[in-house]
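Welcome! Here is a friendly walk through one molecular structure, told as a chat between a visitor and a guide.

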There are 2 protein chains.
Amino acid sequence: MRLFARIVERRSFTRAAADLSLPRSTATEAVQQLEARLGVRLLQRTTRSVVPTLDGEAYYRRCLKLLDDLDETENAFCRASPRGELRVDVQGALARRFLLPGLPAFLAAYPELRLRMTEGDRLVDLVAEGVDCVLRLGTPAESGPSGGMAARRVAVLPEITCAAPAYVERHGAPRTPADLSRHRMVGFSRPEGGWHPLEVTENGAVRQVQVSADIVVSSAESSLAMGLLGLGLIQLPRYRAEEHLACGALVEVLADHPPTPTPVHLLWPRDRQLSARTRVFIDWAAARFEGVG
Amino acid sequence: MRLFARIVERRSFTRAAADLSLPRSTATEAVQQLEARLGVRLLQRTTRSVVPTLDGEAYYRRCLKLLDDLDETENAFCRASPRGELRVDVQGALARRFLLPGLPAFLAAYPELRLRMTEGDRLVDLVAEGVDCVLRLGTPAESGPSGGMAARRVAVLPEITCAAPAYVERHGAPRTPADLSRHRMVGFSRPEGGWHPLEVTENGAVRQVQVSADIVVSSAESSLAMGLLGLGLIQLPRYRAEEHLACGALVEVLADHPPTPTPVHLLWPRDRQLSARTRVFIDWAAARFEGVG
DNA sequence: CTCCATTATTCGTAAAGTCGAATAGTGATG
DNA sequence: CATCACTATTCGACTTTACGAATAATGGAG
């Protein structure tokens, strides 16, 4: 049943089988067996596309409810350590900084839990992608439509404005937002063209300031690298800058006029029952961000 | 889960395993595995008694609901011929007369159905006995407490009053209920002592008439046998008398003053979802009584 | 108190299910 | 129009599960 539901959701035997870590053949055989038992064709399938029949659609809905109820009773009585495979998709840099160091302890605490972690930063369709939980930077609403998923804000990362010492030597350090007109920044490209403006807090309000850029990049990694090379001002979460501030490779500027802090969210499907696996992961991951921002 | 529920209901691994046609060992292993997975002890068991723990009791209730929902979806989509084992308990004579002749055709129509038929006439506790459906004579309420079971009246058997020709030769045939005082009957013993009186319809109302008996028996078979020997008047369903009326071994008396007809009921547990098996059996059995009474 | 019938459990064997590679079919592409 | 990449399916090898007889434990009867 769980397999059948996954097949309907992903419109594919192969992807569904991969989600559940099963061989393709098992998916085929299971569906054949299910259809034989019910005496009804549930999936209209060619080698190219899998589409549920009317019966299949209706059966899928009832499956969802049944599986949900089942998971609920399992969770209600399960005092045992969670087991099985958990799939999470995380923003890479964030995970490397906050999650990875504690992962060995987490996995040791739940020895029967297997973790499959992928990296990404777009807002994925959780059920369509077969992911239990995602860790994302930014406000969920602005990352895309977050229909049907629950969110938990685990941290608000303070951002800072920085420049390399080499840049400051040449252009000086801005002391007020007004000074920015005489400065350069490392551009971070926007999908709609151009680049994201700098953000500054002035009299308690955040204002966007467009500053000319000699270079525009499209990844946070590159932006930092360009900043370190002295190509302009950059804005980034404090935790990413910290090591470079400590060794003097970057200096903070406009400390009294910080950009808007970036929230960090954990997201998971709200409509389906939360498995014990996902629950312990969410609690643990949230704890890793405790006291940050 | 189904096995666990059965074990709780029957308070025994052995009986539950027998109900589901499984070896005892499978029951043991399944419960051990279930408890291991949940990490909770569900059944407090010695070799002599099996009692659910508090957790087990709660889990059992949720199991019931889940299994019920599951059966409901299975039935809703199952266009295939029903399969598996069906257990029915029937009143013997009734079954032999009305059901048995059609059984081969029924089993042929559902080749994947296995039938286990037992004979009895007390009102069994369906879930405790592990029976899917019972066929009974009489009104359910008077057979005992019929809590939680659905009933379907499939026939109302007309009863008649009879005597053997030898009896009529000696005592004459009663023409009115008033004549009964000079007659004898074959007694059918009541649990509370004595024997059931004769019943006669007079002016549209049924009246009970106590008639002296030289012999009191405790089974319908014996009652008929004694009647055939001319030991007194007997009252019985018309279908049982028919062959003897045809060959002249019995003659009907007081035809205008018949006893109350006896209803025939099919009973099944109302609280749990009706399986496809049970459903087709009920429909078929009911049809076998079509036009009778 | 002992024995006995009955029960849950264990263990070696057999069948079923699961798996991975090879096969056949389909829709887009050059 | 042929090719290609991808898909669902099939089949043989294998692991897991279910089975049946033997074992240990328990509560009542003599």
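What follows is a set of questions and answers about this predicted model.

Visitor: How is chain B laid on chain A, and what kind of axis relates the two copies?
Guide: Welcome to this predicted model! Chain B can be placed on chain A by a turn of 179° with a shift of 0.4 Å along the axis, and the RMSD is then 0.3 Å. The two copies are therefore related as by a two-fold rotation axis.

Visitor: Which residue of chain B has the C-alpha nearest the axis?
Guide: The C-alpha in question lies 3.6 Å from the axis. The residue is Leu66(B).

Visitor: What percentage of the contact residues of chain B recur in chain A?
Guide: Contact here means heavy atoms within 4.5 Å. The same surface serves both copies, and the share of chain B contact residues that recur in chain A is 100%.

Visitor: Now for the DNA. Which residues come nearest to DNA strand C?
Guide: There are 22 residues around DNA strand C, and they include members of chain A and chain B. Of the atoms of this strand that come within 4 Å of the protein, sugar and phosphate make up 64%. The nearest residues are Ser25(A), Thr47(A), Phe13(B), Thr14(B) and Arg45(B).

Visitor: How far is a phosphate oxygen of DNA strand C from an N or O atom in the side chain of Arg45(B)?
Guide: Let us look at some phosphate contacts of this strand one by one. For Thr26(A), a side-chain N or O atom is 3.1 Å from a phosphate oxygen of DNA strand C. Phe13(B) uses a backbone N or O atom instead, 2.8 Å from a phosphate oxygen. For the side chain of Arg45(B), the distance is 2.6 Å.

Visitor: Which element gives the largest share of the surface near DNA strand C?
Guide: Three helices each supply at least two residues: H3 (24-38) of chain A, and H2 (13-19) and H3 (24-38) of chain B. By class, the residues of this surface are four nonpolar, 11 polar and seven charged. The largest share, five residues, comes from H3(B).

Visitor: And on the other strand, which residue has a side-chain N or O atom 3.0 Å from a base oxygen of DNA strand D?
Guide: DNA strand D is surrounded by 22 residues, the closest being Phe13(A), Thr14(A), Gln32(A), Arg45(A) and Thr47(B). A side-chain N or O atom of Arg45(A) is 2.6 Å from a phosphate oxygen of this strand, while one of Glu29(A) is 3.3 Å from a base nitrogen. The residue with a side-chain atom 3.0 Å from a base oxygen is Ser25(B).

Visitor: Which element provides the largest share of the surface near DNA strand D?
Guide: The surface near DNA strand D has four nonpolar, 11 polar and seven charged residues. Five residues, the largest share, come from H3(A).

Visitor: Let us turn to cysteines. How many disulfides does a search of the whole structure find?
Guide: A disulfide needs two cysteine sulfur atoms within 2.5 Å. The sulfur of Cys63(B) has its closest cysteine sulfur 14 Å away, in Cys78(A), which is too far for a bond. Cys247(B) is in no disulfide either, with the sulfur of Cys162(B) 12 Å away. Over all chains, the number found is zero.

Visitor: Is Cys247(B) buried or exposed?
Guide: Buried means under 20% relative accessible area and exposed means over 50%. Cys63(B) has 1%, so it is buried. Cys247(B) has 57% relative accessibility, so it counts as exposed.

Visitor: Where is Ala164(B) found?
Guide: Ala164(B) is buried, because its relative accessible area is 1%. Setting aside neighbours within four places in sequence, its contacts are Gly227(B), Leu228(B), Gly230(B), Ala249(B) and Leu250(B). Its C-alpha is 9.3 Å from that of Leu245(B), 81 residues apart along the chain. Its place is the loop between strand S7 (159-163) and helix H9 (165-171) of chain B.

Visitor: What value is phi of Ser21(A) near?
Guide: Most residues other than glycine have a negative phi. Ser21(A) lies in the loop between H2 and H3 of chain A, and is partly exposed, with a relative accessible area of 38%. Its phi is positive, in a residue other than glycine, and is near 55°.

Methods: Residues are numbered from 1 along each chain as its sequence is written. Chains are lettered from A and ligands numbered from 1 in the order in which they are written. This is a predicted model: local features need pLDDT of at least 70, side-chain atom pairs count only at pLDDT 80 or more; totals for chains, interfaces and linings use all residues. Side-chain values use heavy atoms; hydrogens and water are left out. Copies are superposed by least squares on the C-alpha atoms of residues with pLDDT of at least 70 in both. A residue is near a molecule or strand if one of its heavy atoms lies within 4 Å of it. A polar contact is a pair of N or O atoms within 3.5 Å; within protein, one must be able to donate a hydrogen and the other to accept it, and residues adjacent in sequence count only if both atoms are side-chain atoms. Helices (H or I, at least four residues) and strands (E, at least two) are DSSP runs, numbered from the N terminus. Ala, Val, Leu, Ile, Met, Phe, Trp, Tyr, Cys and Pro count as nonpolar, Asp, Glu, Lys and Arg as charged, and the others, Gly among them, as polar. Buried means under 20% relative accessible area, exposed over 50%, partly exposed in between (1.4 Å probe, protein chains only).
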